[in-house]
Amino acid sequence: MPSRVEFPILVAATFASGLAALVPVVLAATSGDLRVAKVFLASAVVLLLTGTFCAISLANRRRELTIFDQLVGLAATFALAPLMTAMPVYLLIDDLSLSDAYVEFVSCFTTTGGALTDIPATEGIVHFWRAEVAWLGGLLMWGAAVAIFRPLDLGGFESVQHGGFGPAAHLSSRRKHRARSYLNSTILKLAPLYMAVTAVLWGLLLLAGFEPFPAVVVAMSTVSTSGITVGDTALPASAGFWGEFWILLFMLLALSRIVATGSVRRLGSLSFVRDPEINLAAMLIAATLAAALLFEWHELVREYNNSGLRHVAFNCWGIIFTAVSYLTTTGFGSAHWPFATVSGQYGLPDMILMTLAMLGGGVATTAGGIKLLRIYLLFNRSRHEVHRIVMPQSSLSRGSYGKVLRTEGASLAWIFIVLLALSFAALFIYLSARGLEFEAAMTVTAAMLTTTGPLVGETLGSDFDLQDLDMVSRLILAFAMIVGRLELLVFVFIAGRLEWLK
């Protein structure tokens, strides 16, 4: 008998979804909406029983799960868990088809966010459930980064020296997939911190003037970087400066891996201030602010003459907040964002937001995109190659983080970017062939592959509706969101290992 039973992550996710569905039951019951409470209660019972029976049937198995088993199970979970979590919403909303509900909850579970279907703003419990599912998906991804991606040198860890962690740390690449993985145990260890961060942000938003219900939805969406809110607005009107300030402060956690991996403890005096991901993010945000100010300098001068410096300062704050939001692939828009979306037009601000989303946040966070660490390695390598033109005998300066970054990290980062570009081109060509205009196809492709759903509404306006696409196209978008969340390298790794195992 194994010393520890580790259930497949799909079974654990089924049981966790059943427990999570009990929260909307309580909320609906206290608000007097018995129909919603009954639907979520029935769904919770079904999910809990299914998870329990599967766990009982697997409890006596003698083979412990390897990291490769958990990686395959993780991919299956992102494909099947949205179907389970979509059932209550499918039963509640009459005009919603099962395929539309599935695509919507793939968007939630992958932390893409952004409503892909027409869910009325009055369905507050449904929006809470969307944010809760995204919150669970973010926790799963955070645990997978530590327990699976790091030992296998995936998800950005291929650029880090000694990426191995736990039982697979010192195994050869040929044997690494056979090492044991305790993904469920890792998630249980990270869950208290994840919940505490969410609770603290919720309390701060309440102090900032949020209503309790929108506050908890925004708190879960911020921590999971899903960008889901109640209603049609990017943030509630009551957010104000302090509400956006606290949201921005907690979004910074998605810019660096050192929170999840404990790099501060291992690197001693090195901290957020000297972290390459944080430094690169600061440069990108400063560049965004400068470009936006240059783009609208005449409007800022006019506002300064009419309203004074205070209004200009709030515009600068709106640019910084929105830049951080899209860099972390959250997708919240500031109330002070000075560029209004005009339907049918596509300007520099829209390209800036898309570029920030493509670059993405930190490794081992809930953010999507290319990841800042890969960009940093490519920038460092490019700077060295240019320097060698002037001084051919120079060597690569690896800086303070040289001992934890791989020499070949830039090459691996470039391979990932090439794969991402191929995925982008394939989806863009398909959407264009289905009738989408150039701007719409490019925006939707970027939003799906970077898990930044609100990018669609921000850049294309409210007139654009993804529901105009046929069912097959929407299912392809769901697959693109899963690829964007897990990264194409994971599927290449799985395909290569399955071929090797034959």
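How much surface does the chain expose, and what share of that surface do carbon and sulfur atoms supply? The exposed area comes to about 21,700 Å², and carbon and sulfur atoms supply 66% of it. These values, like the others in this account, are computed from a predicted model.

The overall architecture may be described next. The secondary structure consists of 20 helices and 0 strands. The chain has 502 residues, of which 56% are buried. Among contacts in the chain with a separation of 6 or more, 73% are between residues 24 or more positions apart. One example of two residues that are remote in sequence is given by Phe-68 and Arg-497, which stand 429 residues apart along the chain while their C-alpha atoms are 8.4 Å apart in space. Phe-68 belongs to helix 3, and this residue is buried because its relative accessible area, 5%, falls under the 20% limit.

The N-terminal part of the chain offers a convenient starting point. Helix 1 covers residues 9-30. At 1.5 Å a residue, its 22 residues should span 32 Å, and the end C-alpha atoms are indeed 32 Å apart, so the expected and modelled spans agree. After helix 1 comes Gly-32, which has a positive phi near 85°. Several residues of helix 1 are buried, including Ile-9, Val-11, Ala-13, Thr-14, Ser-17 and Gly-18. Further along the helix, Ala-20, Ala-21, Pro-24, Val-25 and Ala-28 are buried as well. The cover over these buried residues includes helix 2, helix 3 (67-92), helix 5 (124-152) and helix 6 (183-207).

Helix 1 also contributes to the surface. A nonpolar surface patch of about 720 Å² is formed by Phe-15, Leu-19, Leu-22, Leu-41, Val-45, Leu-49, Phe-53 and Ile-56. Helix 1 and helix 2 (34-58) each provide at least two residues of the patch, and helix 2 gives the largest share, with 5 residues. Phe-15, a member of the patch, is located in helix 1. Phe-15 counts as partly exposed because its relative accessible area is 35%, between the limits of 20% and 50%. In general, an α-helix has 3.6 residues a turn, so residues three or four places apart point the same way.

The interior is the next subject. The largest nonpolar core contains 146 residues, and those touching the most other members are Leu-71, Ile-148, Phe-149, Ile-247, Leu-327, Met-448 and Leu-486. Helix 5 supplies the largest share of this core, 20 residues. Ile-247 illustrates the packing: when residues up to four places away in sequence are not counted, Ile-247 touches Leu-201, Leu-205, Phe-210, Val-218, Thr-222, Leu-235, Phe-321 and Phe-332.

Another set of contacts surrounds Tyr-90, a residue of helix 3. Tyr-90 is partly exposed, with a relative accessible area of 32%. Apart from residues up to four places away in sequence, Tyr-90 touches Leu-96, Ser-97, Leu-98 and Ala-101. The C-alpha atoms of Tyr-90 and Ala-101 are separated by 5.9 Å, although the two residues are 11 residues apart along the chain.

Charged side chains provide further links. Across the whole structure, 5 salt bridges are found. In one of these, the side chains of Arg-130 and Glu-104 meet at 2.9 Å, N to O. This pair joins distant parts of the chain, since Arg-130 lies in helix 5 and Glu-104 in helix 4 (residues 98-109), 26 residues apart. Both Arg-130 and Glu-104 are buried.

A second salt bridge joins Glu-487 to Lys-371, with the closest N and O atoms 3.1 Å apart. Glu-487 is in the loop between helix 19 (471-486) and helix 20 (488-501), whereas Lys-371 is in the loop between helix 14 (348-359) and helix 15 (372-390), so the pair ties together parts that are 116 residues apart in sequence. Glu-487 and Lys-371 are both buried. Together with Arg-374, Lys-371 and Glu-487 are linked in a network of salt bridges.

Asp-470 and Arg-434 form another salt bridge, their closest N and O atoms being 2.8 Å apart. Asp-470 lies in the loop between helix 18 (454-460) and helix 19, and Arg-434 in the loop between helix 16 (409-433) and helix 17 (438-449), 36 residues apart. Asp-470 is partly exposed, with a relative accessible area of 28%, and Arg-434 is likewise partly exposed, with 45%.

Definitions and conventions:
Residues numbered from 1 in each chain as written. Predicted model: local features only at pLDDT ≥ 70, side-chain atom pairs only at ≥ 80, totals over all residues. Heavy atoms only, no water. Patch = residues over 30% accessible without salt bridge, like charges linked within 9 Å, V, L, I, M, F, W, Y side chains within 5 Å. Areas by Shrake-Rupley, 256 points an atom, 1.4 Å probe, with all protein chains shown as cover. Salt bridge = Lys/Arg side-chain N within 4 Å of Asp/Glu carboxyl O. Helix = DSSP H or I, 4+ residues; strand = E, 2+ residues; numbered from the N terminus. Buried < 20%, exposed > 50% of the residue type's maximum accessible area, 1.4 Å probe, protein only. Expected span 1.5 Å × (residues − 1). Contact = heavy atoms within 4.5 Å. Core = buried A, V, L, I, M, F, W, Y, C linked by side-chain atoms within 4.5 Å.
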